[in-house]
Amino acid sequence: MPRFLAVYTIKPEAVLAFRELPKVEQDAIDSVGVAQWAAWEERNAAFILDRGGMVGKTTRITKDGIAKAVNPFCGYLVVEAENADAAARMFEDHPHITVFPGDGVDIMPFVT
């Protein structure tokens with residue numbers, strides 16, 4: 001079955017806005033979101049090949065050297081599905097976009 005990289009995205013300003021919320025509000029969102037995330041993973045466990053994880057600040061390496069960079073990536077996981085549409089449908093109700101301030105999940109097929 002085809003494999004897909006699912007990349008969680010979030011806008012930097014959404015991260016800042018979340019961090020500016022009172023701690024009690026952040027904790028309330030976390031308690032709901034973490035429980036829903038675990039339930040989502042349980043429902044989709046048969047299709048998750050690598051649970052991946054959340055990622056931190058970016059360092060970019062180019063021919064000009066090493067520098068700090070900014071991108072919308074905040075985590076990833078690897079799933080298998082019949083096609084990209086089926087993989088995308090798995091994430092329609094994901095708490096990254098329904099509870100947390102994430103703005104999307106990008107689905108990309110592995111081609112090798």
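**Exercise 1. Find the element that holds Ile97, then work out whether Ile97 is buried, partly exposed or exposed.**

Step 1. Look along the chain of this predicted model: Ile97 sits in helix H4, which covers residues 95–98.

Step 2. Take the relative accessible area of Ile97, 35%. Buried means under 20% and exposed means over 50%, so Ile97 comes out as partly exposed.

Step 3. Now check who touches it. Skipping neighbours within four places in sequence, Ile97 has contacts with Phe91, Glu92, Gly102, Asp103 and Gly104.

Step 4. Try a long hop along the chain. Gly33 is 64 residues from Ile97 in sequence, yet their C-alpha atoms are 9.9 Å apart in space.

**Exercise 2. Sketch the order of helices and strands in the protein.**

Step 1. Count the pieces: you should get four helices and six strands.

Step 2. Start at the N terminus and read off β-α-α-β-β-β-β-α-α-β.

Step 3. Add the dimensions to your sketch. The C-alpha trace spans about 45 × 45 × 20 Å along its principal axes.

Step 4. Ask how far along the chain the contacts reach. Taking contacts with a separation of 6 or more, 72% come from residues 24 or more positions apart.

**Exercise 3. Which residues touch the most other members of the largest nonpolar core, and which elements supply at least two residues each?**

Step 1. The core has 18 residues, and the ones touching the most other members are Tyr8, Trp40, Leu77, Val79 and Phe91.

Step 2. Strand E1 (3–9), helix H2 (23–43), strand E5 (73–80) and helix H3 (84–90) each give this core at least two residues.

Step 3. Zoom in on Leu77. Leaving out neighbours within four places in sequence, its contacts include Phe4, Tyr8, Trp40, Ile48 and Phe91.

Step 4. Put this beside a general trend: in soluble globular proteins, nonpolar side chains tend to be buried together. Here, buried residues make up 31% of the 112 residues in the protein.

**Exercise 4. Describe the aromatic pair formed by Tyr8 and Trp37, and say why each residue counts as buried.**

Step 1. A search of the whole structure turns up four aromatic pairs. In the one made by Tyr8 and Trp37, the centres are 5.1 Å apart and the planes differ by 55 degrees.

Step 2. Stacked needs under 30 degrees and edge-to-face needs over 60, so with its 55 degrees this pair is tilted.

Step 3. Place the partners: Tyr8 is in strand E1 and Trp37 is in helix H2, 29 residues apart, so the pair links distant parts of the chain.

Step 4. Check burial against the 20% cut-off. Tyr8 counts as buried because its relative accessibility is 1%, and Trp37 is buried because its relative accessible area is 15%.

Step 5. Widen the view: ring pairs join Tyr8, Trp37, Trp40, Phe91 and Phe100 into a cluster.

**Exercise 5. Where does Arg3 lie, and which residues does Arg3 touch?**

Step 1. Arg3 belongs to strand E1.

Step 2. With a relative accessible area of 36%, Arg3 is partly exposed.

Step 3. Not counting residues up to four places away in sequence, Arg3 touches Leu49, Val78, Val79, Glu80, Met108, Pro109, Phe110 and Thr112.

Step 4. Finish with a distance: Arg3 and Ala87 are 84 residues apart along the chain, and 8.9 Å separates their C-alpha atoms.

Methods
Residues are numbered from 1 along each chain as its sequence is written. This is a predicted model: local features need pLDDT of at least 70, side-chain atom pairs count only at pLDDT 80 or more; totals for chains, interfaces and linings use all residues. Side-chain values use heavy atoms; hydrogens and water are left out. Buried means under 20% relative accessible area, exposed over 50%, partly exposed in between (1.4 Å probe, protein chains only). Contact means heavy atoms within 4.5 Å. A nonpolar core is a set of buried Ala, Val, Leu, Ile, Met, Phe, Trp, Tyr and Cys residues joined through side-chain atoms within 4.5 Å. Rings of Phe, Tyr and Trp (its six-membered ring) pair if their centres lie within 6.5 Å; planes under 30 degrees apart count as stacked, over 60 as edge-to-face and the rest as tilted.
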